[in-house]
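The following explanation leads the reader through the structure shown below. It should be read with the model open alongside.

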Amino acid sequence: FVGVLALLWTHQLEALLLALVLFGAVKLVVTLGLMAHTLRRRGAREGHVRFTEQARFMMVFSVSMFIDALNPMLDKLIASVFFTVDQFARYANGAFHLPLVSTVVSSFSAVLLPEYVRLKDAGDIKGLFEVWHRSVRQTAVLFFPLVAFMMLFAQSFVTLMFSAKYADS
């Protein structure tokens, strides 16, 4: 919402990006303030996590979320440096990410993360890798047929999604 307002007000993409960065900074400051207030009010009772531990976890988590958000766009960012506008448009449409893939992978990750932590804390690294390898195999069973289908029908799919202009994507 903040980004849309900035874009409508200035009609510049730089304003959109700046608004998003500033909004993220404000959210960070407010979150840290709320955490500090809550932890101060409750006091440092046994079993409670200190503010510095919470903040450190939040910073690592935030960096992880940033990388996770950037990941689907990284190839396009790199391609935009080396390609002309026309080449980039064809590449970007051809490198379209199917939402199903990220949804399934995110779901697998969310379900398995507590198990990974439990196995690591128990010192069962071998078990951790067994669970991870099993999840990779299960994901592959789901996605290999999808990849094969898309390889066979990619041109039809891209034409359907983006028009015949991008058939060579």
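With a relative accessible area of 41%, Phe153 is partly exposed, because this value falls between the limits of 20% for buried and 50% for exposed residues. Phe149 belongs to the partly exposed class as well, at 45% relative accessibility. Both residues lie in helix 6, which spans residues 125-162, and they are four residues apart, about one turn of the helix. The model under discussion is a predicted one.

The rings of these two residues can be considered together. In total, two aromatic pairs are counted. Phe149 and Phe153 form a pair of the tilted kind, with 4.9 Å from centre to centre and 40 degrees between the planes. The pair is classed as tilted because an angle under 30 degrees would count as stacked and one over 60 as edge-to-face.

Helix 6 also takes part in the interior. The largest nonpolar core comprises five residues, namely Leu112, Tyr116, Leu119, Leu128 and Val131. Helix 5 (99-121) and helix 6 each supply at least two residues of this core, and helix 5 gives the most, with three residues. In soluble globular proteins, nonpolar side chains tend to be buried together.

What does Val131 touch, once residues up to four places away in sequence are set aside? The contacts of Val131 are Leu112, Glu115, Tyr116 and Leu119. Of these, Leu112, Tyr116 and Leu119 are members of the largest nonpolar core.

Leu119 offers a view of the core from helix 5, where this residue is located. Its relative accessibility is 5%, so Leu119 counts as buried, the cut-off being under 20%. Leaving aside neighbours within four places in sequence, Leu119 is in contact with Asp124, Gly127, Leu128 and Val131. Leu119 and Pro145, by contrast, are 26 residues apart in sequence and 31 Å apart in space, C-alpha to C-alpha.

Gly127, one of the residues in contact with Leu119, is found in helix 6. Gly127 is buried, since its relative accessible area is 10%. Between the C-alpha atoms of Gly127 and Tyr116 the separation is 8.8 Å, and the two residues are eleven apart along the chain.

Further along helix 6 comes Thr139. Is Thr139 buried or exposed? Thr139 is buried, because its relative accessible area is 16% and the limit for this class is under 20%. Not counting residues up to four places away in sequence, Thr139 touches Val105 and Phe108.

The description now turns to another part of the chain. The second largest pocket holds about 380 Å³ of space. Its lining is made up of 13 residues, and those closest to its centre are Phe61, Ser62, Val63, Met65 and Phe66. Helix 2 (13-42) and helix 3 (51-82) are the elements that give two or more residues to this lining. Which of the helices gives the most to the lining of the second largest pocket? Helix 3 does, contributing eleven residues. By residue class, the lining divides into eleven nonpolar residues, one polar and one charged.

Helix 3 is also the location of Lys76. Lys76 has a relative accessibility of 18% and therefore counts as buried, given that buried means under 20%. The C-alpha atoms of Lys76 and His133 lie 29 Å apart in space, and the two residues are 57 apart in sequence.

To draw these parts together, helix 5 and helix 6 each supply at least two residues of the largest nonpolar core. Helix 6 also carries the partly exposed residues Phe149 and Phe153, whose rings form the tilted pair. Helix 3 provides eleven residues of the lining of the second largest pocket.

Technical notes: Residues are numbered from 1 along each chain as its sequence is written. This is a predicted model: local features need pLDDT of at least 70, side-chain atom pairs count only at pLDDT 80 or more; totals for chains, interfaces and linings use all residues. Side-chain values use heavy atoms; hydrogens and water are left out. Rings of Phe, Tyr and Trp (its six-membered ring) pair if their centres lie within 6.5 Å; planes under 30 degrees apart count as stacked, over 60 as edge-to-face and the rest as tilted. Buried means under 20% relative accessible area, exposed over 50%, partly exposed in between (1.4 Å probe, protein chains only). On a 1 Å grid over the protein atoms alone, a cavity is a set of points where a 1.4 Å probe fits but cannot get out, and a pocket is an open set with protein on both sides within 12 Å along at least five of seven lines; lining residues have an atom within 4 Å of a point. Grid points are joined across faces, edges and corners, and a volume is the space filled by probe spheres set on the points. Ala, Val, Leu, Ile, Met, Phe, Trp, Tyr, Cys and Pro count as nonpolar, Asp, Glu, Lys and Arg as charged, and the others, Gly among them, as polar. A nonpolar core is a set of buried Ala, Val, Leu, Ile, Met, Phe, Trp, Tyr and Cys residues joined through side-chain atoms within 4.5 Å. Contact means heavy atoms within 4.5 Å.
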